[in-house]
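Visitor: I would like to learn how to read a protein model. Please show me one and take me through its features.

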Amino acid sequence: MTVRETGGPELPQERRIVTALPGPRSQELEQRRRSAVAAGVASSLPAYIVAAGGGILRDADGNQLIDLGSGIAVTTVGNSNPRVVERAKEQLDAFTHTCFMVSPYEGYVEVAEALNRLTPGDHEKRTVLLNSGAEAVENAVKIARVSTGRSAVVVFDHAYHGRTNLTMAMTAKAAPYKRGFGPFAGEVHRAPMSYPYRDDAAAGTKVSGEDAAARATEMIDRQIGADQVAAIVIEPIQGEGGFIVPAEGFLPALAEYSRENGIVFIADEVQAGFGRTGAMFASEHEGVVPDLVATAKGIAGGLPLAAVTGRAEIMDAVGPGGLGGTYGGNPAAVAAALGAIEAYEQDGLVERARELGEILVQRCERLRTRFPEVGDIRGRGAMQAIELVHRDTIEPYPELAKAVAGHAAENAVLVLVTGSFGNVLRFLPPLTISDALLHEAFDVLEEAFAQALG
Ligand SMILES: *Cc1c(COP(=O)(O)O)cnc(C)c1O
């Protein structure tokens, strides 16, 4: 099968190992990189990519890797999805930039309309377009502060919201995201998260979502005061924190608490949004309707675009000129987003995310049967992860995650390590991957576990 059947460039859908990975051409490029690119920018696997599509990344040496990362949940509709490419090309031929704040164009308005329609809730909505997930989260906070006249922001343990100054303050993990980069923005308060695997182990019983939410709201009441809080910001499924799915009832209880206290409830759907979890937005799994939704990653098939979408009265609290940015809603990026949205809606991709999720869970369970170091399997749809621990404990086993990802990389399977403890393998395949490739990737992972634990 070539990718033409599923979208993307013509690229044989098979894993190929032509050289040791990374190959000589990639190593040469890596040499050049070391004297040209800042050391602070790291890469998971230094195989330099020349083409990608379906479930395959082809490198400069002709190796073909199975992609379980989608460039961190970005190429959800597949790399170079034809709907994205055609629209973006057409736009590039027409004009590349005007700055929406100077001379507007229709594509921006169309994307805003689409997001207003697609995000949870049928209330009146407005959208602002931006460049990155961090910028979307920052803008959501700005909007919440203006609309409430309050300043405190509540975030959670294990949260990841970005690398700008405000979002670093909101992100939980110190190394490598925060250490040395302070001082950070003020008025950011961290509340306890619902982390079922570890909460239940610590309590020796199942901790309900409501109880976990009460733990968080009691902290807010006691340490901040609900009437001081502009926004509660939460990832409905935490991404970099380790694909933590809060206990059922946690998100609805926080949304309810926000409503009762005039707090803007902000869902950071940057990683979990856009079809990835088997619903258009992860908040939908529990019927949660956030006041504001921050989106990015999967929104435009790989082009840089982000957005804040939410209740008209909150969004419009900011007066003219208060929001924007030179590139926000760039013409090519909005054209790509319209192509990606068309792909989600017309190519059955949300349904495909559920199907892939079933395969992922089944293969993760098989891994757990063979290797008790797989302590937890969690996620939704095509956003799944396994947390690795030392046998018969819940003690994190980051060395194993690293070793498995390393063995997988040598065998042309790209899998990303994440989590607050560095012990989570996350699976984020493009939704255009074939069942066969996904199974093959897990055959390789099983072998990688066997070798690592050998
Ligand atoms: C990646 C991510 C961000 C930051 O997005 P950038 O585009 O890298 O700025 C924010 N929130 C979540 C949940 C993310 O996964």
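Guide: We begin with a term. A polar contact is a pair of N or O atoms within 3.5 Å; within protein, one atom must be able to donate a hydrogen and the other to accept it. Note also that this is a predicted model.

Visitor: How many residue pairs are in polar contact between domain 1 and domain 2?

Guide: Between domain 1 and domain 2 there are 15 residue pairs in polar contact, counting pairs with both residues at pLDDT 80 or more. On the domain 1 side, the elements that give two or more residues to this contact are helix H12 (349-370) and the strands S11 (374-380), S12 (383-388) and S15 (424-427). S11 gives the largest share, five residues. Sorted by class, the side of domain 1 that touches domain 2 has 16 nonpolar, 11 polar and six charged residues.

Visitor: Where do the two domains run along the chain?

Guide: The assignment gives domain 1 as 2-67 + 348-453 and domain 2 as 84-346. Domain 1 is thus written as two stretches of the chain. The C-alpha centres of the two domains lie 26 Å apart. To the contact, domain 1 brings 33 residues and domain 2 brings 28.

Visitor: How is the size of such an interface given, and what is the area buried here?

Guide: The size of an interface is often given as the accessible area lost when the parts come together. Here the area buried between domain 1 and domain 2 is about 2,400 Å², and carbon and sulfur atoms give 58% of that area. Three residues, Arg 380, Met 383 and Ile 394, supply 30% of the area that domain 1 buries against domain 2, more than any other three.

Visitor: How many salt bridges does the rule find across this interface?

Guide: The idea is to look for a side-chain nitrogen of Lys or Arg within 4 Å of a carboxyl oxygen of Asp or Glu. Across the interface of domain 1 and domain 2, two pairs pass. In another count by this rule, the total comes to 26 salt bridges. Among the pairs that pass is Glu 240 with Arg 426, whose closest N and O atoms are 2.9 Å apart. For Asp 199 and Arg 215, also a salt bridge, the closest N and O atoms are 3.1 Å apart. Asp 199 sits in helix H7 (residues 196-203) and Arg 215 in helix H8 (residues 209-223), 16 residues apart.

Visitor: What should I look for in the backbone?

Guide: Most residues other than glycine have a negative phi, and most peptide bonds are trans. In this chain, a cis peptide bond joins Leu 21 and Pro 22, with omega about -10°. Pro 22 is in the segment before helix H1 (24-34). Another cis bond joins Gly 182 and Pro 183, with omega about 5°, and Pro 183 lies in the loop between helix H6 (165-170) and strand S6 (188-191). As for phi, Ala 73 is not a glycine, yet has a positive value of about 65°. Ala 73 belongs to helix H2 (residues 70-73).

Visitor: How many helices and strands does the protein chain have, and why is the chain called as compact as a globular protein of that length?

Guide: The chain has 14 helices and 15 strands. Its radius of gyration is 22 Å, close to the 22 Å that the globule rule gives for 454 residues, so the chain is as compact as a globular protein of that length. Along the principal axes, the C-alpha trace spans about 60 × 60 × 45 Å.

Terms used:
Residues numbered from 1 in each chain as written. Predicted model: local features only at pLDDT ≥ 70, side-chain atom pairs only at ≥ 80, totals over all residues. Heavy atoms only, no water. Domains from an automatic or database assignment. Contact = heavy atoms within 4.5 Å. Buried area = accessible area lost by both parts, 1.4 Å probe. Polar contact = N/O pair within 3.5 Å; in protein donor to acceptor, adjacent residues only side chain to side chain. Helix = DSSP H or I, 4+ residues; strand = E, 2+ residues; numbered from the N terminus. Nonpolar A, V, L, I, M, F, W, Y, C, P; charged D, E, K, R; others polar. Rg over C-alpha atoms; globule rule 2.2 N^0.38 Å.
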